[in-house]
Amino acid sequence: MLREKEDECERRRLEKDQMALRLCEEKAAMSQEMNKMNDLVEALSERQGGHRELLREATQQDSKHEASGAAAGQVPGEAARSSGGGVYGAIGSSRELHGGGWPGGWQLYEASPPPTRRRHDVKAHHVEINAVAYSGTEPILFTGSSDGTVKVWDMLSSGDTPLRNRATLRDPHGGGTSSACIISVDESQGQRVVAAADRAIKVWDLRTGRLHLTLTGHSNKVQCVRAFSPSSHSSAAQGLGQGRGGRVGSPLLVSGSSDRTVKVWDLRSGREVSSFRASSSCLAVDVSLDGGTLVSGHQDGTVRLWDLASPSAPLHERSAHDGACTSVAFSPVGGMKLLSAGRDNCLRVADARTLDATTTITHSGLRLGCNWSRACFSPDGAYCVAGSTNGSVLVFDIGESGVESGVRAPSVPEASGVGRLGALGSAIGGVVGSTLGRTKIGSSLGNTLGHTLGGTYGSSLAEGASGGGLGGGSGGDARSGTLGRQGLGLGARCAGQLRGHEAAVVSCAWAPGAGGWNQVATVDKAGHLSIWE
C-alpha cells in the first residue's frame, strides 16, 4: 500500500515538472511574440510622424489648388478634375471597351455619379426573377425567371413611358414548369440569348425568338452561363479552336454547374469544346476582356483562375469567402481587378492576376440571400452594386476608375489628405490584424488591435469625402496561419443605398455605358424589375 502511494507521488511529481517546463516554454514563446508586436508598433509609430507630415503637406497643397481654382473662376475642387486628375477625370475621349457596342461604340467620357432614383418599376414576371443582363450591342435588357421564360425589354422608353416587353423567350417543349427555372442569362453578339435551365443550357435566336439549341452535358444543375468571343489571335482562341469541334472565331459559352465542372461550348455547332473540373460546385463564372482567362466562384467560397487554352489545374485559387461565392466579375476597364460576392455578406475586390484581396467590403444593410445573388462593376470600374434581402440596393465607391483606365491617379500633393490618411488607416489596420493572426497570440487579439489601429489612423474618415477604410480586418486563423481579411478597404465607401423593392433583391446589372448612359437594373423575389438612374 505504501509502495503504491510512493509511486503515485513520483508520477505526479514528474507530471508537475513536465507541466512547469511546458509553461516556461510557452512563456518564452509568448515573450518572443510580444517583442515582435512591440517592434511592429514602434515601426508604425515612427511612420506615423511621416504620415502626419504628408497630411500637413497635402492639406497645404489642397489649399493652394483651391485658391488657384478660385482665382481662375472655378469652383473649389474643380481644378484637379479639369486637369484630368482625380476620380472624375476623363477616361479618354475615344476609349472603346471590349468588342462591339451601340452606334458609335461604347464610349466612356468621364466617371458618372451612381444612380439615385428609380425611374421604372414593373411586375416583369409572376414569380421570382433570378437573373438580369443588359445587351452589349443594343439598348435591350433580359430577365430570367423561375417561370421558365426569358423576357426581352426595350430600354429606349423615355419619361413616364412604361417599359415595353419586346419578346418572351420560352422552350416550346418545356411548358414553363419549375424544372426549367432560369437562374442565369446572357447574350452573345446581339444574336443569341443563353440561359441556364436545370441541367441544360437554352440558346435562343434573338432575331426570330425561337429556341435554337439545347446544350446538354452537365450531370447536375447549371448555375451560371457567360457568353464571349475570344480574340482570333489569342492563345485561348487557338487552343479552343483545336478542341472537340471548336472553330477559331466562333462565339463561345462558359457554363458552371453543381456537378463541379466548368464547360466551354461552341455556340455555332453546339458542341462541348473543353471542360474544367473543380472540387466544389461552380456558382459563378466570368471571362477576361481578351477571352483568355476564366474565373469561377464556388460553393466552398473559393475563387479560381483558369487558362482557357489549357483546361488542367487552375492558375490560381484562393479562399475568398466564408460562405458560398455567388458572383465573380472582371473589371470592364483594364480587367486587372476582380469583384466577388459571397454568402458571408461581403464584396471582395482582388488583383485579377494573383487573387490577392485589395478591398473587402461589408455593410450592415448587405445580406446576400441565395447562391445566384449577383454583384457587378460600373462601366468605368469606379463603383460596384449589389442587392440585399431587405430590398435595398447598395452602391459602393471603390475608386477603380483612376487606377485601371490609365487616368493619372491622384499623387500625394493632389489627393485629399484627410481621405488618404483614412485609407492609410485601413491598410495599416489590415496589415497589423493579418500579421498578428499568424502568431500564437491568436486571431482575437489580432482582430482587436487591427481594428484599434485602423480606427486610430482612419479616425478622420467621417470628414474625408473620398472615403478610406473603416479600420483593419480580422486576425485570421492563428493555427493555420491564414491571412486576416482587410476591412472596408482602400478608397471604398458606400455611395448610396437605393430603396424601393419590397422583396429580396437577387441580381443587379449596370448598363454598359454607351454614350455615358448611367443606369442600373435590379430584380427581386416578387417578380419586380426596377430601373435606377
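Reader: Which side chain does Asp380 meet in a side-chain polar contact, and at what distance?
Author: First, this is a predicted model: local features need pLDDT of at least 70, side-chain atom pairs count only at pLDDT 80 or more, and totals for chains, interfaces and linings use all residues. Residues are numbered from 1 along each chain as its sequence is written, and side-chain values use heavy atoms, with hydrogens and water left out. A polar contact is a pair of N or O atoms within 3.5 Å; within protein, one must be able to donate a hydrogen and the other to accept it, and residues adjacent in sequence count only if both atoms are side-chain atoms. By that test, the partner and distance for Asp380 are the side chain of Ser378 and 2.6 Å.

Reader: Which backbone nitrogen does the Asp380 side chain reach?
Author: Asp380 sits in the loop between β22 (376-377) and β23 (383-387); strands (E, at least two residues) and helices (H or I, at least four) are DSSP runs, numbered from the N terminus. At 2.9 Å, the side chain reaches the backbone nitrogen of Ala382.

Reader: Is Asp380 buried or exposed?
Author: Buried means under 20% relative accessible area, exposed over 50%, and partly exposed in between (1.4 Å probe, protein chains only). Asp380 has a relative accessible area of 8%, so the label is buried.

Reader: Which residue in the loop between β6 and β7 has a positive phi without being a glycine, and how accessible is that residue?
Author: Most residues other than glycine have a negative phi. Gln189, in the loop between β6 (182-188) and β7, has a phi near 55°. Its relative accessibility is 39%, so the answer is Gln189, partly exposed.

Reader: What about the loop between β7 and β8: which residue there has a positive phi, and of what value?
Author: The loop between β7 and β8 holds Asp198, which is partly exposed at 35% relative accessibility. Though not a glycine, Asp198 has a positive phi of about 60°.

Reader: Which strand gives the most to the largest nonpolar core?
Author: A nonpolar core is a set of buried Ala, Val, Leu, Ile, Met, Phe, Trp, Tyr and Cys residues joined through side-chain atoms within 4.5 Å. The largest one has 17 residues, and those with the most contacts inside it include Val194, Ile201 and Leu253. At least two residues of this core come from each of β7 (192-197), β8 (200-205), β9 (211-216) and β10 (222-228). With 3 residues, the biggest giver is β10.

Reader: How many residues are in the second core?
Author: That core is separate, and Leu339, Leu368, Phe396 and Ala492 are among its members. In soluble globular proteins, nonpolar side chains tend to be buried together. The count for this second core is 16 residues.

Reader: Which residues of β27 (520-524) are covered on each face?
Author: In a regular strand the side chains alternate between the two faces of the sheet. In β27, 5 of its 5 residues are buried. On one side are Val520, Thr522 and Asp524, and on the other are Ala521 and Val523.

Reader: Which residue in the β27-β28 turn has a positive phi?
Author: Two strands pair if DSSP finds at least two bridges between them. β27 is antiparallel to β26 (505-510) over 5 bridges, with Ala509 opposite Ala521. β27 also pairs with β28 (528-532) in the antiparallel sense over 4 bridges, with Thr522 opposite Ser530. The β27-β28 hairpin has 3 residues between its strands, and the one with a phi of about 90° is Gly527.

Reader: What is the order of the open sheet of 4 strands, and what is its average twist?
Author: Pairing in this sheet is antiparallel, and the order is β2-β3-β4-β5. The edge strands, each pairing on one side only, are β2 (129-134) and β5 (164-169). 5 bridges join β4 (150-154) to β5, where Trp153 stands opposite Asn165. Using axes fitted as lines to C-alpha atoms, with angles from 0 to 180 degrees between N-to-C directions, the twist from one strand to the next averages 20°.

Reader: How many disulfides are there?
Author: A disulfide is a pair of cysteine sulfur atoms within 2.5 Å. Cys181 is buried at 14% relative accessible area, and Cys370 is buried too, at 7%. The disulfide count is 0.

Reader: What share of the protein chain is buried?
Author: The chain has 6 helices and 28 strands. Of its 533 residues, the buried share is 52%.
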